[in-house]
Amino acid sequence: MALSLSTPFADVGTIHAEQTDATATADTLKGSSGTLHKVEIDNTANTAAVFVKMWDTVGGVTVGTTAPSYAFKCAASSLRVYSCPRGAAFTAGLKVACVTDGGGTAGTTNPTNDVIYRILLS
């Protein structure tokens, strides 16, 4: 494979959300449609994996009951970055929570120690 260089996008994300104590309580990052560009999860302070879940909604979210639109896993004692250079569209809004007990719909347990997420969206 050969090296390929290209001109970066002029505007890759206009909102940089950072939560330094992510929990099972859903945070609202945006209340309208947009594009998800990057998710960084810093789980270096924990000995268990965590799951950052996202919901494409402006309505209510019940963590553990409402099926997430996206779920990102980060192994114990790790930092993980998920990137979507062309972006992943969401249509309503974006809410986010972090749990230790499952990447599917179920899961309501807060991480033991601080989990930091950094999310780039527009």
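This report describes the fold, one sheet and the cysteines of a predicted model.

## Confidence and overall make-up

The model is predicted, and its chain has a mean pLDDT of 91, with 89% of the residues reaching 70 or more. When the elements of the chain are ranked by mean pLDDT, strand 1, which covers residues 15-19, has the lowest value at 90, whereas strand 4, residues 50-55, has the highest at 98.

The secondary structure consists of eight strands and zero helices, so that, read from the N terminus, the order of elements is β-β-β-β-β-β-β-β. Of the 122 residues in the chain, 37% count as buried, and the accessible surface comes to about 6400 Å², of which carbon and sulfur atoms contribute 51%. Among contacts with a separation of 6 or more, 82% are made by residues 24 or more positions apart.

## The four-stranded sheet

Four of the strands form an open sheet, in which the order is 2-7-4-5 and the pairing is antiparallel. Its edges are strand 2 (27-30) and strand 5 (70-74), each of which pairs on one side only. On average, and with direction ignored, neighbouring strands of this sheet are turned by 25 degrees against each other.

Strands in a sheet are joined by backbone hydrogen bonds, in either a parallel or an antiparallel arrangement. Here strand 7, residues 94-99, pairs with strand 2 in the antiparallel sense over three bridges; within this pairing Asp-27 has Val-96 as its bridge partner, and Lys-30 has Leu-94. Strand 7 also pairs with strand 4, again in the antiparallel sense, over five bridges, and Lys-53 stands opposite Ala-97 of strand 7.

## Strand 7 and its two faces

In a regular strand, side chains alternate between the two faces of the sheet. In strand 7 both of these faces are covered, since Leu-94, Val-96 and Cys-98 on one side are buried, as are Lys-95, Ala-97 and Val-99 on the other. Six of the six residues of strand 7 are thus buried, and this includes Lys-95.

## The cysteines

The structure holds zero disulfides. Cys-98 is in no disulfide, and the nearest cysteine sulfur, which belongs to Cys-74, is 8.6 Å away; because a disulfide is counted only when two cysteine sulfur atoms lie within 2.5 Å, the separation of 8.6 Å leaves Cys-98 and Cys-74 unpaired.

How accessible is Cys-98, buried or exposed? Cys-98 counts as buried because its relative accessible area is 0%, which falls under the 20% limit for that class. Cys-74 is likewise buried, with a relative accessible area of 0%. Cys-84, by contrast, counts as partly exposed because its relative accessibility is 29%, a value between the limits of 20% and 50%.

## Surroundings of Cys-74

Cys-74 is found in strand 5, one of the two edge strands of the sheet. Leaving aside neighbours within four places in sequence, Cys-74 is in contact with Ile-41, Asn-43, Ala-49, Val-50, Leu-79 and Arg-80. The C-alpha atoms of Cys-74 and Phe-51 are separated by 6.3 Å, although these residues are 23 residues apart along the chain.

Methods. Residues are numbered from 1 along each chain as its sequence is written. This is a predicted model: local features need pLDDT of at least 70, side-chain atom pairs count only at pLDDT 80 or more; totals for chains, interfaces and linings use all residues. Side-chain values use heavy atoms; hydrogens and water are left out. Two strands pair if DSSP finds at least two bridges between them. Axes are lines fitted to C-alpha atoms, for helices over the stretch in contact, and angles run from 0 to 180 degrees between N-to-C directions. pLDDT is the predictor's confidence in each residue, from 0 to 100. Buried means under 20% relative accessible area, exposed over 50%, partly exposed in between (1.4 Å probe, protein chains only). Contact means heavy atoms within 4.5 Å. Accessible areas come from the Shrake-Rupley method with a 1.4 Å probe; for residues, only the protein chains shown count as cover.
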